[in-house]
Amino acid sequence: MSRPDLGFIHRFVPPSATRKEVKDKRQIITLLLLHGTGGNEDDMIPLGQALAPTSATAILSPRGKVLENGVAPRFFKRLEEGVFDMQDLKFRTHELADFVEAASKAYGFDLKHIVAVGYSNGANIATSIMLLRPKTLSAAILFRPMVPLVPDMTPDLSDVNVFISAGLHDRIVARKETEQLVNLLSKAGAKVVLHWHEGGHELGREEIVAAKDWLATNITPQ
Ligand code: MLT
């Protein structure tokens with residue numbers, strides 16, 4: 001199911017649970033899937049379905065609006081690998097947060113139960129949303145995130161749970177940068193779990209299982 005009128009090409013997959021099973025929309029967890037560079041709204045759907053903690057899980061999956069070299073969708077512009085266009089990053093962060101809010105009204109899910117699941121560039125925009133629009137997400141699973149920006153004012157993330165999965169042999173994200181991100185989010189009050197995966201920038205099966213366990217344990221709908 002998708003509606004083209006919310007500003008982003010996207011897919012929305014409603015919960016598989018029936019209306020009878022989901023008595024209250026506060027039971028629904030919505031996973032906001034954010035793909036990496038060159039991905040699209042379809043790529044992460046199997047990952048979202050693998051992570052879904054209950055049958056009352058919905059999926060919202062937008063496609064990044066920036067086209068790198070005219071071909072590779074991203075969520076914001078970069079000047080080179082790991083060097084971001086800050087003005088565009090801030091603009092795109094608010095644009096995506098506005099889309100999530102509009103989608104919550106259009107599809108009727110509760111903003112208090114939205115969990116971002118981002119990979120690489122998608123993890124970076126998810127982090128930027130937490131830092132610049134702290135009320136938008138209640139939790140995030142970040143695979144291979146960087147520090148996208150350091151905000152002028154530290155946001156209050158004391159109600160936010162974050163699972164970070166970093167690659168021990170990642171040639172794009174240095175170990176030090178992962179640690180800086182953990183410090184930044186922890187300083188803002190977020191409850192951060194850092195998972196080290198024995199691998200590089202590519203996603204591995206083991207860390208998906210770890211993220212699923214973390215989600216099932218830490219994010220419980222009302
Ligand atoms: C980014 O540009 O967000 C990071 O370099 C990750 C990537 O997309 O390669």
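Q: In this predicted model, which residue of β3 stands opposite F12?
A: The residue that F12 faces across the two strands is L60 in β3.

Q: What makes β1 and β3 count as paired strands?
A: Pairing requires at least two bridges found by DSSP, and four bridges join β1, residues 10-13, to β3, residues 57-62, so the two strands count as a pair. They run antiparallel.

Q: Which residues make up the covered face of β1, and which the uncovered one?
A: H10 and F12 belong to the covered face of β1, whereas R11 and V13 belong to the uncovered face.

Q: Why is T37 said to make a polar contact with the ligand?
A: A polar contact needs a pair of N or O atoms within 3.5 Å, and an N or O atom in the side chain of T37 is 2.5 Å from an oxygen atom of the ligand, so this pair qualifies. By the same cut-off, the side chain of N124 qualifies at 2.8 Å from a ligand oxygen, and a polar side-chain atom of R78 qualifies at 3.2 Å from one. Of the 260 Å² that the ligand exposes when taken alone, the protein buries 96%.

Q: How is the shell around the ligand divided by class?
A: The shell has three nonpolar, five polar and two charged residues, and among the residues surrounding the ligand are F76, F84, S120 and M146.

Q: Why is α3 described as mostly covered?
A: A residue is buried when its relative accessible area is under 20%, and eleven of the twelve residues of α3 are buried, including N121, N124 and L131.

Conventions:
Residues numbered from 1 in each chain as written. Predicted model: local features only at pLDDT ≥ 70, side-chain atom pairs only at ≥ 80, totals over all residues. Heavy atoms only, no water. Near = heavy atom within 4 Å. Polar contact = N/O pair within 3.5 Å; in protein donor to acceptor, adjacent residues only side chain to side chain. Areas by Shrake-Rupley, 256 points an atom, 1.4 Å probe, with all protein chains shown as cover. Nonpolar A, V, L, I, M, F, W, Y, C, P; charged D, E, K, R; others polar. Buried < 20%, exposed > 50% of the residue type's maximum accessible area, 1.4 Å probe, protein only.
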